[in-house]
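Colleague: I am new to this model and would like a close look at a single part of it. Could you take me through one stretch slowly and explain the terms as you go?

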Amino acid sequence: MSEQHQKSWFSRNWLWFIPVTGCLGIILLFVFGIGTVIFGVSKMINNSTPVEYAIKKASENEYVIESLGTSIEKYGITSGNISLNNNDGEVDFSIPIRGEKGEGTLVVRGIKTDGVWTYEDLYVHIKETQEKINLLENEKILESI
């Protein structure tokens, strides 16, 4: 009787297995790399001083609380840009916020000079009423740029 020796699965399929897994690996690496970059930039923007300051000011403003509710939080994706160069920079953001009563957009525009942020615009645009609530009362504001 003769005994037949059958090749292993890998030795029969290596010609298509290696290119497919290599391409799939590169695609996954690319997708996860892009995701990591997006997550990192988003985290950097959301933890920046102007965003934290703007959320704090909105949460303390009585008109915003009256329009949106007491528990104001960020939701969605912050849009805009921030440019930092040592102790100088610029910020221009629109931050979607919401509370139990409604939704709005928090707009932040400012300039950083010698490590100090000065805000040109800081207001909440209420979605339902189209009202703009200024958060810069009694604050250091830029009159002209």
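Let me start with one residue: in β5, which residue is the bridge partner of Val-108?

Modeller: The bridge partner of Val-108 in β5 is Leu-122. Before we go further, a word on the basis: this is a predicted model, in which local features need pLDDT of at least 70 and side-chain atom pairs count only at pLDDT 80 or more, while totals for chains, interfaces and linings use all residues. Residues are numbered from 1 along each chain as its sequence is written, and side-chain values use heavy atoms, with hydrogens and water left out.

Let us begin with the two strands around that bridge. Strands here are DSSP runs of E with at least two residues, and helices are runs of H or I with at least four, both numbered from the N terminus. β4 and β5 pair in the antiparallel sense, with 10 bridges between them; two strands count as paired if DSSP finds at least two bridges. Another bridge you can look up joins Gly-104 to Ile-126 in β5. The hairpin of β4 and β5 has 2 residues between the strands, and Asp-114 takes a positive phi near 50° there.

β4 has a partner in β3 too: the two run antiparallel and are joined by 10 bridges. Their hairpin has 4 residues between the strands. Along this pairing, Asp-92 has Arg-109 in β4 as its bridge partner, and Ser-94 stands opposite Val-107 in β4. Asp-92 also appears on the β2 side, as the bridge partner of Asn-81. β2 and β3 are antiparallel as well, over 7 bridges, and in their hairpin, with 2 residues between the strands, Asn-86 has a positive phi near 55°. β1 pairs with β3 too, antiparallel over 2 bridges, and there Lys-74 stands opposite Ile-97.

Following β5 onward brings us to β6 (residues 132-134), which pairs with β5 in the antiparallel sense over 3 bridges. His-125 has Lys-132 in β6 as its bridge partner. The hairpin of β5 and β6 has 5 residues between the strands, and Gln-130 in the turn has a positive phi of about 60°.

Now back to Val-108 and its surroundings. Leaving out residues up to four places away in sequence, Val-108 touches Pro-50, Ala-54, Val-91, Asp-92, Phe-93, Ile-95, Tyr-119, Asp-121 and Leu-122; contact means heavy atoms within 4.5 Å. Val-108 is also one of the residues that touch the most other members of the largest nonpolar core, together with Val-64, Ile-95, Ile-97, Leu-106, Val-124 and Leu-135. A nonpolar core is a set of buried Ala, Val, Leu, Ile, Met, Phe, Trp, Tyr and Cys residues joined through side-chain atoms within 4.5 Å. Buried means under 20% relative accessible area, exposed over 50%, and partly exposed in between, using a 1.4 Å probe and protein chains only. This core has 22 residues. At least two of its residues come from each of α2 (49-60), α3 (62-68), β3 (88-98), β4 (103-113) and β5 (116-126), and β5 gives the most, with 5 residues.

Two of the contacts of Val-108, Pro-50 and Ala-54, are also among the buried residues of α2, along with Val-51, Ile-55, Lys-57 and Ala-58. These buried residues are on the same side of α2 because they cover an arc of only 165° around the axis, the arc being that of the directions from the helix axis to the C-beta atoms. As background, an α-helix has 3.6 residues a turn, so residues three or four places apart point the same way. α2 has 12 residues and reaches 17 Å from its first C-alpha to its last, close to the expected 16 Å; that expected span is 1.5 Å times one less than the number of residues.

One more contact of Val-108 deserves a look: Tyr-119. Both Tyr-119 and Trp-117 are buried.
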